[in-house]
Amino acid sequence: MSKKVRMYTTYYGYHSLLEKGKFYHVSISCATPKNIQVDFQLNEAKPEWNTVKRHKEKWIDDAQYYIEYLQKLQKNKAILAKRLVDIYRRANGKKVVFYCYETPDKFCHRHIFAKIMTSWFNNLEIQEYHI
């Protein structure tokens, strides 16, 4: 990835609305809906299920979730760099979109993922895909 590369995030609810054949679908959620086929599972970007569960049950707040998810990303930084290049190559000109469950207006790890990846890798921009 030598030029500025743009990738996107969105939620599974938009999957069927994206133009067929134009997107490379990547899951970054703990699980992928059975009725949705993705091209790649980016396991290194999935939050820990324990973190997700504790957040949903209100045992931890958004700030603690952010800290725990950031720690996972930091632990996987080198492999994420390699995976992002691999995803870009596999996409073969298609728009790369990273999926998870939350609607665009809600707190979600994909927003953290986009912010952190964009800050770590100068030639990468990840933004929310708007339908």
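This is a short dialogue on reading the features of a predicted model.

Visitor: Where do I start? How many helices and strands does the protein chain have?

Guide: Start with the inventory of elements. The secondary structure of the protein chain comes to four helices and five strands. Then read their sequence. From the N terminus on, the elements run β-β-β-α-α-α-β-α-β.

Visitor: What does the radius of gyration say about the protein chain?

Guide: Set the value beside the one for a compact globule. With 131 residues, such a globule would have a radius of gyration near 14 Å. The protein chain has 14 Å, so the two agree. Along the principal axes, the C-alpha trace spans about 40 × 30 × 20 Å.

Visitor: What share of the residues is buried?

Guide: Buried means under 20% relative accessible area. Of the 131 residues in the protein chain, 44% count as buried. Look at the surface too. The accessible surface comes to about 7600 Å², and 49% of that belongs to carbon and sulfur atoms.

Visitor: How are contacts spread along the sequence of the protein chain?

Guide: Take the contacts between residues at least 6 apart in sequence. Of these, 68% join residues at least 24 apart.

Visitor: Now the sheet. What is the order of the strands?

Guide: Order in a sheet is read across the strands, by pairing. Here an open sheet of five strands has the order β3-β2-β4-β1-β5. The pairing is parallel.

Visitor: Which are the edge strands?

Guide: Look for strands that pair on one side only. These are β3 (40-41) and β5.

Visitor: How many bridges join β1 and β4?

Guide: Four, in the parallel sense. Take two residues of this pairing as examples. T10 has Y99 in β4 as its bridge partner. Y11 has C100 in β4.

Visitor: How many bridges join β1 and β5?

Guide: Five, again in the parallel sense. Here V5 has L124 in β5 as its bridge partner.

Visitor: Is β1 enclosed or open to the outside?

Guide: Count the buried residues. Six of the seven residues of β1 are buried, so β1 is largely enclosed by the rest of the structure.

Visitor: And β5? Which side chains point to which face?

Guide: Check for alternation along the strand. L124, I126 and E128 point to one face and are buried. E125 and Q127 point to the other face and are not buried.

Visitor: On to the core. Which residues have the most contacts inside the largest nonpolar core?

Guide: This core has 28 residues. Those with the most contacts inside it are V26, L42, F98, F113 and M117.

Visitor: Which elements each supply at least two residues of this core?

Guide: Map the core back onto the elements. On the strand side, β1 (5-11), β2 (23-27), β4 (95-100) and β5 (124-128) each supply at least two. So do the helices α2 (62-75), α3 (77-91) and α4 (109-120). The largest share, five residues, comes from α4.

Visitor: What does L42 touch?

Guide: Leave out residues up to four places away in sequence. L42 then touches V26, S27, I28, L80, R83, I87, F98 and F113.

Visitor: What lies apart from the largest core?

Guide: Another core, of nine residues. Among them are Y12, F23, Y99 and Y129.

Visitor: I stopped at a lysine. Is K72 buried or exposed?

Guide: Judge a residue by its relative accessible area. For K72 the value is 14%, so K72 is buried. K72 lies in helix α2.

Visitor: What does the side chain of K72 reach?

Guide: For a buried lysine, look for polar partners. The side chain of K72 reaches the backbone oxygen of K46 at 2.6 Å. Leaving aside neighbours within four places in sequence, K72 is in contact with N43, E44, K46, P47 and E48.

Visitor: Last, the backbone. Which phi angle does K58 have?

Guide: A positive phi is worth flagging when the residue is not a glycine. K58 is such a case, with a positive phi of about 65°. K58 lies in the loop between α1 (49-56) and α2. The relative accessible area of K58 is 71%, so K58 is exposed.

Visitor: Where does N92 lie?

Guide: In the loop between α3 and β4. N92 has a positive phi of about 50° although it is not a glycine. At 70% relative accessible area, N92 is exposed.

Note on methods: Residues are numbered from 1 along each chain as its sequence is written. This is a predicted model: local features need pLDDT of at least 70, side-chain atom pairs count only at pLDDT 80 or more; totals for chains, interfaces and linings use all residues. Side-chain values use heavy atoms; hydrogens and water are left out. A nonpolar core is a set of buried Ala, Val, Leu, Ile, Met, Phe, Trp, Tyr and Cys residues joined through side-chain atoms within 4.5 Å. Buried means under 20% relative accessible area, exposed over 50%, partly exposed in between (1.4 Å probe, protein chains only). Contact means heavy atoms within 4.5 Å. A polar contact is a pair of N or O atoms within 3.5 Å; within protein, one must be able to donate a hydrogen and the other to accept it, and residues adjacent in sequence count only if both atoms are side-chain atoms. The radius of gyration is taken over C-alpha atoms; the globule rule is 2.2 Å times the number of residues to the power 0.38. Accessible areas come from the Shrake-Rupley method with a 1.4 Å probe; for residues, only the protein chains shown count as cover. Two strands pair if DSSP finds at least two bridges between them.
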